[in-house]
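I opened a new notebook page for this structure. My plan is to look things up one by one and write down what I find.

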Amino acid sequence: MAVRGATRAGTRLTLDLWHPNCWAIEATEQYPGGILAHAIYHAPETGTTTVNGLFTAYGDTVEEVETLLDAIEASEYGGEVQELQERFGQTAAQVAPGRVAREFFLEYDPADMVCPTLLQQGFVHSAPTRIEGGREYWKVCFAGERGNIETSLDAVREEAGAEISVERIASSDTVEPERARRLGTLTPTQREVFELARERGYYQWPRGVSTRDLAAELDISKTTLLEHLRKAEAKLLDPDSN
């Protein structure tokens, strides 16, 4: 019963991670910009030995993102980059950091992935993975007792040849107070815009509402809405920076 209770409570972590044979780590280590990993799934062909992934490459300029995409396609650990123009009517720039963003599919060898090893050791992926500067940043929930986290991380390190450090950790009983603290850093307008976006499904996949519709509901311009939304997101990600 004690173990079941601990699993139900859970622990949230942000992992700073490096592992070998990764095209995303390789590309971002060499060039500016970053990558968001959204979803990974098996290719539909029968008997395939590869997986497909949906990703967003982002940066400050078009040239920066194009250089990053060229490096990804040139990597021996990945396949052809298949770019998407839009995500269900939404541009990639609306879902990633940076001024420029491009979404793409990529097929690659699942043996080079670290996520199955993380999952095997009880670390459940809870948000898109961010890759920058040759490092991956994973938001995960640990399905086990908090005291077993380091042992499980050691198992991932050994099996995947990974370097891992814990950037943030919080048990579930601290999540709500932390969320309230972060919401408290928002201005009334920022909070109104953020809460409406959340309620209307802006952060769901696929998105339940467009920025145009949100702006119309609030009777403001799309540019103004995006400014409030980006400032709110920045404060929620790092409330001490504002």
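**Entry 1: a strand pair and its partners.** I began with arginine 130, whose bridge partner in E8 is tyrosine 137. I note that the model is a predicted one. The side chain of arginine 130 also meets this partner, lying over the face of tyrosine 137 at 4.4 Å from the ring centre.

I then looked at the two strands as a whole. E7 and E8 run antiparallel and are joined by three bridges. They form a hairpin with two residues between the strands, where glycine 133 has a positive phi near 55°.

Which side chains of E7 are buried, and which are not? Thr129 and Ile131 point to one face and are buried, while Arg130 and Glu132 point to the other face and are not. I wrote the general rule beside this: side chains in a regular strand alternate between the two faces of the sheet.

**Entry 2: the other neighbour of E8.** I found that E8 also pairs with E1, in the antiparallel sense, over seven bridges. Tyrosine 137 turns up again here, as the bridge partner of aspartate 16. I checked how enclosed E1 is: six of its eight residues are buried, so the rest of the structure largely encloses this strand.

**Entry 3: aromatic rings.** I counted six aromatic pairs in the structure. In one of them, the rings of tryptophan 23 and phenylalanine 55 have centres 4.9 Å apart and planes at 90°, so I filed the pair as edge-to-face. This pair links distant parts of the chain, since tryptophan 23 is in helix H2 and phenylalanine 55 is in strand E3, 32 residues apart.

Are these two residues buried or exposed? Tryptophan 23 has 4% relative accessibility, and the limit for buried is under 20%, so it counts as buried. Phenylalanine 55 is buried too, with a relative accessible area of 3%.

Tryptophan 23 has another ring partner, tyrosine 108: the centres are 5.9 Å apart and the planes are at 75°, so this pair is edge-to-face. Here the link runs from helix H2 to strand E5, across 85 residues. Tyrosine 108 counts as buried at 8% relative accessibility. I drew a cluster in the margin, in which ring pairs link Trp23, Phe55, Phe104 and Tyr108.

**Entry 4: a pocket.** I looked up the second largest pocket, which has a volume of about 370 Å³. It is lined by 26 residues, and the closest to its centre are Ile40, Tyr108, Met113, Cys115 and Trp138. By class, the lining has 19 nonpolar, five polar and two charged residues. Elements that each supply at least two lining residues include helix H2, strand E2, helix H4 and strands E7 and E8.

**Entry 5: positive phi values.** Most residues other than glycine have a negative phi, so I looked for exceptions. Asparagine 21 has a positive phi, near 60°. This residue sits in the loop between strand E1 and H2, and is partly exposed, with a relative accessible area of 37%.

Aspartate 219 also has a positive phi near 60°. Where does aspartate 219 lie? I found it in the loop between helix H8 and helix H9. Its relative accessibility is 70%, and the limit for exposed is over 50%, so aspartate 219 counts as exposed.

Note on methods: Residues are numbered from 1 along each chain as its sequence is written. This is a predicted model: local features need pLDDT of at least 70, side-chain atom pairs count only at pLDDT 80 or more; totals for chains, interfaces and linings use all residues. Side-chain values use heavy atoms; hydrogens and water are left out. On a 1 Å grid over the protein atoms alone, a cavity is a set of points where a 1.4 Å probe fits but cannot get out, and a pocket is an open set with protein on both sides within 12 Å along at least five of seven lines; lining residues have an atom within 4 Å of a point. Grid points are joined across faces, edges and corners, and a volume is the space filled by probe spheres set on the points. Helices (H or I, at least four residues) and strands (E, at least two) are DSSP runs, numbered from the N terminus. Ala, Val, Leu, Ile, Met, Phe, Trp, Tyr, Cys and Pro count as nonpolar, Asp, Glu, Lys and Arg as charged, and the others, Gly among them, as polar. Buried means under 20% relative accessible area, exposed over 50%, partly exposed in between (1.4 Å probe, protein chains only). Two strands pair if DSSP finds at least two bridges between them. Rings of Phe, Tyr and Trp (its six-membered ring) pair if their centres lie within 6.5 Å; planes under 30 degrees apart count as stacked, over 60 as edge-to-face and the rest as tilted. A charge sits over a ring if NZ of Lys or CZ of Arg is within 6 Å of the ring centre and within 35 degrees of the ring normal.
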